[in-house]
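Reader: I have a model open on my screen and would like to know what stands behind the words used for it. Could you take me through the reasoning?

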Amino acid sequence: MITSTSDVTKADRVFNDLTSVVLHTALGGLMSRQRTVADNVANIQTPRFLAGRVQFEDALRAAVADGNPTEAAEVTPSRAPSLEPTREDGNNVNLDRETLLGSETSMQYQLLLRALDSKYGLIKTAMRNN
Amino acid sequence: MGLFGALEIAGSGMTVHRKWLDAISDNLANINTVRPTSGEAFRQRYIVAQAVDYGSGQGGVTVGAVLYGDPQGRLVYNPEHPLADEGGYVRLPTINLGDQMTQLIMAQRGYQAQTATIERAQTAYNAALQLGKSA
């Protein structure tokens with residue numbers, strides 16, 4: 001049972017250490033990217049629609065380099081319109097690129113989930129009596 | 001944004017593409033619809049897609065507008081037709097079969113792209129639902 005602030009810090013070290021926080025932030029970023037890919041594909045015939053691109057890796061990498069979980073938790077994915085040339089109708093969604101990005105994001109997401117799962121497995125092992 | 005955002009967005013894309021398919025099949029079905037010259041010709045429908053927020057919010061797509069073809073149509077000389085005027089003319093629509101078939105393929109492929117998005121999102125969400133089960 002957590003009774004004092006120092007115990008809270010200890011619990012923080014188990015559940016909110018850098019690894020867990022980075023995995024959570026990255027999962028959120030990938031989720032946001034997947035939503036943006038879905039938005040791009042849904043708007044494949046929308047005149048003057050610019051495809052969206054989501055970035056979070058660089059900010060997360062900087063936070064990891066500093067080794068600060070709080071900083072890593074505060075990383076939010078940023079969305080910017082793609083600067084690729086547009087079609088005649090002012091739309092620049094490229095279906096092959098979106099498909100590739102979608103499968104890539106989905107696989108990365110599953111990879112991170114597996115990492116998080118083994119992290120939880122470690123905690124569970126540590127909690128087990130013998 | 002709901003829990004399964006990508007599914008909602010792909011669903012909105014499916015709706016727009018299905019409406020487009022509906023419009024095309026209506027246009028094709030009426031490609032030979034004859035009207036008297038005193039009235040309007042059958043007017044083909046064009047679906048105009050519009051993004052919900054152009055990337056600034058939750059995303060998705062809707063039908064922004066429906067445009068209609070030329071009400072003048074084209075005059076065809078067919079004096080035997082019961083709807084022909086005294087000069088022997090009837091009004092037919094200006095639907096171009098090639099145009100419509102091209103759009104049909106685009107709408108169909110677009111619809112399939114949405115279902116591919118749904119399958120990918122489902123795989124990811126399913127993996128997330130298995131979290132903690134193996135440990």
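Author: Here are the terms one by one, each set against its cut-off.

Reader: Happy to start. How do you know how far chain A can be trusted?

Author: This is a predicted model, and the guide is pLDDT, the predictor's confidence in each residue, from 0 to 100. Chain A has a mean pLDDT of 88, and 91% of its residues reach 70 or more. Among the elements of chain A, strand E1 (residues 52-55) has the highest mean, 94, and helix H1 (residues 5-15) the lowest, 65. Where pLDDT is low, the predicted coordinates should not be read in detail.

Reader: Why is Glu104(A) called partly exposed?

Author: Glu104(A) has 14 C-beta neighbours inside 10 Å. A buried residue needs 20 or more and an exposed one has 12 or fewer, so a count in between is called partly exposed. Glu104(A) sits in helix H5 of chain A, and its C-alpha is 26 Å from that of Gly90(A), 14 residues apart along the chain.

Reader: What makes Pro81(A) partly exposed?

Author: The count for Pro81(A) is 14 other C-beta atoms within 10 Å, so it is partly exposed by the cut-offs of 20 and 12. You will find Pro81(A) in strand E2 (residues 78-81) of chain A.

Reader: Which residues is Pro81(A) in contact with, leaving aside its neighbours within four places in sequence?

Author: They are Leu50(A), Gly52(A) and Gly55(B). To be called contacts, the C-beta atoms must lie within 7 Å. As for Gln55(A), 26 residues apart from Pro81(A) in sequence, the C-alpha atoms of the two are 11 Å apart.

Reader: Why is helix H3 of chain A described as hardly covered?

Author: Helix H3 covers residues 57-66, and the count of buried residues among its 10 residues is one. Right after H3(A) comes Gly67(A), with a positive phi near 70 degrees.

Reader: What makes the span of helix H5 of chain A close to the expected one?

Author: Helix H5 (residues 95-127) has 33 residues, and from first C-alpha to last it reaches 48 Å. At 1.5 Å a residue the expected span is also 48 Å, so the two values agree.

Reader: Which residues of H5(A) are buried, and what covers them?

Author: The buried ones are Glu98(A), Leu101(A), Gly102(A), Thr105(A), Ser106(A), Tyr109(A), Leu113(A) and Leu116(A). Their cover includes helix H2 (18-42) of chain A together with H2 of chain B.

Reader: How do you know what chain B brings to its contact with chain A?

Author: The contact takes 29 residues from chain B and 29 residues from chain A. On the chain B side, helix H1 (5-29), strand E1 (45-51) and helix H2 (97-129) each supply at least two residues. H2(B) gives the most, with 11 residues. By class, that side of chain B has 15 nonpolar, 13 polar and one charged residues.

Reader: How do you know that chain B does not fit the rule for a compact globule?

Author: For 135 residues the rule gives a radius of gyration near 14 Å, but chain B has 22 Å. Its C-alpha trace spans about 85 × 25 × 20 Å along the principal axes. Buried residues make up 27% of chain B.

Reader: And what is the pattern of chain B along the sequence?

Author: Chain B has two helices and four strands, following the pattern α-β-β-β-β-α. Of its contacts with a separation of 6 or more, 63% join residues 24 or more positions apart.

Conventions
Residues numbered from 1 in each chain as written. Chains lettered and ligands numbered in written order. Predicted model: local features only at pLDDT ≥ 70, side-chain atom pairs only at ≥ 80, totals over all residues. Contact = placed C-beta atoms within 7 Å. Nonpolar A, V, L, I, M, F, W, Y, C, P; charged D, E, K, R; others polar. Rg over C-alpha atoms; globule rule 2.2 N^0.38 Å.
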